[in-house]
Amino acid sequence: MQKSFPKWLRRGLLALLILVLIAKNRDLALEGWLKADDFVAYWAGGRLQVQNPSSETGLLHLQQSVGWQKGTPLIGFNPPWALFFALPFSFLGYPLGRIAWLSAGVTTMVFCTDWAWRFYGGPSQSRRLAWLLGTIFLPALMGLSMGQIAPLMLLGVTEFLLFASRE
């Protein structure tokens, strides 16, 4: 039987992950709000959902109001139904919405790695190791830190495997 990592090492790695995410978003601590990244496209599109989410002028105005520095708006080239998932986060101000988006992404990734670990027969005493490995996977960290919609795609694949296994 394989031994799991010592408790102090697991906690240290979790603390390191949290510090990396905070350092990536250091503008939150310095200026009181998060830097505009890929999430700004979903947030502004959700805010304009009632009017016209494709309005470049409206998107640019909203995005620049939260720190977008470029002269052209960041347009999310996702299918229109993707705005459905971003809409609840758009009701919040940008900083709180971004933090909620990050929290939802981390939660989704932990859920998906936990489910996959159990589904494929991983030992139950190592589930936390699976969570850690799933969330420190570099592409996952990049997607989380840039505010991308990738955790939702992971959730879709995980649900597909879940339902396919049940036929």
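Hi everyone. Let me start with one contact: the side chains of Arg127 and Asp114 meet in a salt bridge, with 2.6 Å from N to O. This pair ties together distant parts of the chain, since Arg127 sits in helix α7 (residues 127-136) and Asp114 in helix α6, 13 residues apart. Please keep in mind that we are looking at a predicted model.

How exposed are the two partners? Arg127 is partly exposed, at 27% relative accessibility, whereas Asp114 is buried, at 8%. As a reminder, buried here means under 20% relative accessible area, so Asp114 falls on that side of the cut-off.

Asp114 has another partner. Its side chain also meets that of Arg118 in a salt bridge, at 3.1 Å from N to O. This time both residues belong to helix α6, and because they are four residues apart, about one helical turn separates them. Arg118 is partly exposed, with a relative accessible area of 44%. In general, side chains of opposite charge can pair when their charged atoms come close.

How many salt bridges does the structure hold? Two. Because they share a partner, Asp114, Arg118 and Arg127 are joined into one network.

Now let's step back and see the whole chain. It has nine helices and zero strands, so if you read the elements from the N terminus on, you get α-α-α-α-α-α-α-α-α. The chain has 167 residues, and buried ones make up 34% of them. Take the contacts between residues at least 6 apart in sequence: 66% of these join residues at least 24 apart. The accessible surface comes to about 10,600 Å², and 67% of that belongs to carbon and sulfur atoms.

Helix α6 deserves a slide of its own. It has 26 residues and reaches 37 Å from its first C-alpha to its last, close to the 38 Å expected at 1.5 Å a residue. Its buried residues include Tyr94, Gly97, Arg98, Trp101 and Leu102, and further along the helix we also find Thr113, Asp114 and Trp115 among them. And what covers the buried residues of α6? The cover includes α3, α5, α7, α8 (138-145) and α9 (150-165). Just after the helix, Gly121 takes a positive phi of about 80°.

Next, the aromatic rings. A pair of rings is described by the distance of the centres and the angle of the planes. How many aromatic pairs does the count come to? Eight. One of them is Phe89 with Trp101, an edge-to-face pair with 5.1 Å from centre to centre and 85° between the planes. It links distant parts of the chain: Phe89 is in helix α5 (residues 82-90) and Trp101 in helix α6 (residues 94-119), 12 residues apart. Both rings belong to buried residues, with relative accessible areas of 15% for Phe89 and 8% for Trp101.

Compare that with Trp115 and Phe119. Their ring centres are 4.7 Å apart and their planes are at 15°, so this pair is stacked. Both residues lie in helix α6, four residues apart, which is about one turn of the helix. Is each partner buried or partly exposed? Trp115 is buried, at 10% relative accessibility, while Phe119 is partly exposed, at 38%.

Some of these rings join up. Ring pairs link Phe39, Tyr42, Trp43, Phe89, Tyr94 and Trp101 into a cluster.

That brings us to the core. In soluble globular proteins, nonpolar side chains tend to be buried together. The largest nonpolar core here has 17 residues, and the ones touching the most other members are Phe39, Tyr42, Trp43, Tyr94 and Trp101. Helices α3 (39-47), α4 (56-65), α5 and α6 each supply at least two residues of this core. Which helix gives the most to it? That would be α3, with five residues.

Let's finish by zooming in on Trp43. Leaving aside residues up to four places away in sequence, Trp43 touches Leu62, Val66, Phe89, Ser90, Leu92, Gly93 and Tyr94. Phe89 and Tyr94 may sound familiar: they belong with Trp43 to the ring cluster.

So, two places to find in the structure above: the salt-bridge network of Asp114, Arg118 and Arg127, and the ring cluster that includes Trp43 and Trp101. Thanks for listening!

Note on methods: Residues numbered from 1 in each chain as written. Predicted model: local features only at pLDDT ≥ 70, side-chain atom pairs only at ≥ 80, totals over all residues. Heavy atoms only, no water. Phe/Tyr/Trp six-rings, centres within 6.5 Å; stacked < 30°, edge-to-face > 60°. Buried < 20%, exposed > 50% of the residue type's maximum accessible area, 1.4 Å probe, protein only. Core = buried A, V, L, I, M, F, W, Y, C linked by side-chain atoms within 4.5 Å. Contact = heavy atoms within 4.5 Å. Areas by Shrake-Rupley, 256 points an atom, 1.4 Å probe, with all protein chains shown as cover. Salt bridge = Lys/Arg side-chain N within 4 Å of Asp/Glu carboxyl O. Expected span 1.5 Å × (residues − 1).
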